[in-house]
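Let's walk through this model together, one question at a time. Have the viewer open and follow along.

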Amino acid sequence: MVGDNDHNDTQSVKIEVTIAGVSLDDEVVTLTPESSTYNGNVQEPTVTVTLDGKGLTADTDYEVTYDPTEVKNAGDYTVTVKGSYEGTATATFTIQKADPNIGTVTYSGGVRYESMALSDITLGRSNTAVPGTLELDAGQTLTAGTNDYKWTFTPTDADNYETVTGTVQLTVQADALTDVSIQTTPNKITYVYGETFDKTGLVLKATYESGNTKNISADEITVVTTGPLTCDMTEVTVSYQGMTCQISVTVSKATYSGQTTVTGTIWANAAGEVRLPQPPDGATFGNPVYSVDSDTVVRVEITGNTLAYEERHRDHDYHRHSGQPDPGSREPRRLQQDHRG
């Protein structure tokens, strides 16, 4: 409390004034250029900032917070603007991958035969500044005559360079197939009766008139010997482009898991036979499994598909004549025989 010259009391009041900063929300950040192409050098765009149509001054009104020395490789870069205004503003600068200049693609090797593998043909290029591999595209077939073939250049630095494709003209000579032989045996050469040949893993070596050779994979090979394998087979025939060769195989008997029941009547003190169904080709009967309603059957055996039996009764009062039963003493017995292979 203070007084004036007239001794009137006066009061001092402190007034605080806050001036809000101007927001950058409506400002415009312009990059020149907005994008570029990779060239191996640092590329720094020019940054222009305007607010309400008025250009702002760099390093006075705002600052750019990115490291221009890092703007080199292909990719997107965010330019952030901030300073004496409220908020921040951003813009994106893009460096795109470059198309490598590999010059003219040619082949300067020797004679090209249709029997050659694509990988055996080495292409050249007149510009080798960008490291990478240049190869004929897989899946193409060399054909006698002059034709265009596709190639692909894959840069070593795939982050900054695009893959390039094109065609090259090649003249190819015919080359007759003279022989095929086994290069790698198939995964499976041991079989059981009834199975079919599996060519998985099989590789053939094809030999041509020029002396060139190449490996032939299983999917290019035709199996001539088709159908179920039998125990008398020792080899299977396969072919490539009409020329054949043989694969040695071993075929063993299969286990016959079938079962047949034969029921019949036999007589006391008698012997006889029962004919069984013929087993499948390649299968044989094993030991007989039988049942009978009398404990007097003393022999049951199988030869081929014939079951032989002999039955004797324990009662010695039966009369026997030359090993045959007395007609008056015949008693029927039921024999049930199950056989398994």
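Q: What is the nearest side chain of opposite charge to Asp-175, and how far away is it?
A: Welcome to a predicted model, in which local features need pLDDT of at least 70, side-chain atom pairs count only at pLDDT 80 or more, and totals for chains, interfaces and linings use all residues. Residues are numbered from 1 along each chain as its sequence is written, and side-chain values use heavy atoms, with hydrogens and water left out. Asp-175 is buried (under 20% relative accessible area, with exposed over 50% and partly exposed in between, using a 1.4 Å probe and protein chains only) and has no salt bridge (a side-chain nitrogen of Lys or Arg within 4 Å of a carboxyl oxygen of Asp or Glu). Counting Lys and Arg as positive and Asp and Glu as negative, with His and the chain ends not counted, the nearest side chain of opposite charge is Lys-214, at 9.1 Å.

Q: Which side chains make polar contacts with the side chain of Asp-175?
A: A polar contact is a pair of N or O atoms within 3.5 Å; within protein, one must be able to donate a hydrogen and the other to accept it, and residues adjacent in sequence count only if both atoms are side-chain atoms. Asp-175 lies in the loop between β15 and β16 (177–184), where strands are DSSP runs (E, at least two residues) numbered from the N terminus, and helices are runs of H or I with at least four. Its side chain meets one partner at 2.6 Å and another at 2.4 Å. In that order, they are Ser-115 and Ser-210.

Q: Which residues does Asp-175 touch, not counting those up to four places away in sequence?
A: Contact here means heavy atoms within 4.5 Å. The two serines with polar contacts to Asp-175, Ser-115 and Ser-210, are part of this set. The full list is Tyr-113, Glu-114, Ser-115, Tyr-208, Glu-209, Ser-210 and Asn-212.

Q: Which residues form the salt bridge that a search of the whole structure finds?
A: The search finds one salt bridge. Its closest N and O atoms are 3.2 Å apart. One partner is partly exposed at 32% relative accessible area, and the other is partly exposed at 30%. They are Lys-188 and Glu-195.

Q: Why does one side of β11 and of β13 lack a neighbour in the sheet?
A: The open sheet of four strands has mixed pairing and the order β11-β15-β14-β13, where two strands pair if DSSP finds at least two bridges between them. β11 (112–113) and β13 (132–136) stand at the edges, so each has a single partner strand.

Q: Which residue in β15 is the bridge partner of Trp-151?
A: Strand β14 (residues 145–155) and strand β15 (residues 164–173) run antiparallel and are joined by nine bridges. In β15, the partner of Trp-151 is Gly-166.

Q: Which residue in the turn between β18 and β19 has a positive phi?
A: Strand β18 (residues 203–208) and strand β19 (residues 213–216) pair in the antiparallel sense over four bridges, and Leu-204 is bridged to Ile-216. The two strands form a hairpin with four residues between them. The residue with a positive phi, about 95 degrees, is Gly-211.

Q: How many aromatic pairs does a search of the whole structure find, and what is the geometry of each?
A: Rings of Phe, Tyr and Trp (its six-membered ring) pair if their centres lie within 6.5 Å; planes under 30 degrees apart count as stacked, over 60 as edge-to-face and the rest as tilted. The search finds two pairs. Tyr-38 and Tyr-161 have centres 5.5 Å apart and planes at 85 degrees, so this pair is edge-to-face. Tyr-191 and Phe-197 have centres 6.1 Å apart and planes at 45 degrees, so this pair is tilted.

Q: Which residue makes a side-chain polar contact with Ser-36?
A: Ser-36 is found in strand β4 and is buried, with a relative accessible area of 19%. Its contacts beyond four places in sequence include Phe-93 and Thr-94. The polar contact spans 2.3 Å, and the partner is Gln-43.

Q: What is the omega of the cis peptide bond between Thr-32 and Pro-33?
A: Pro-33 has its place in the loop between β3 (28–32) and β4. The bond that joins Thr-32 to Pro-33 is cis, with an omega of about -5 degrees.
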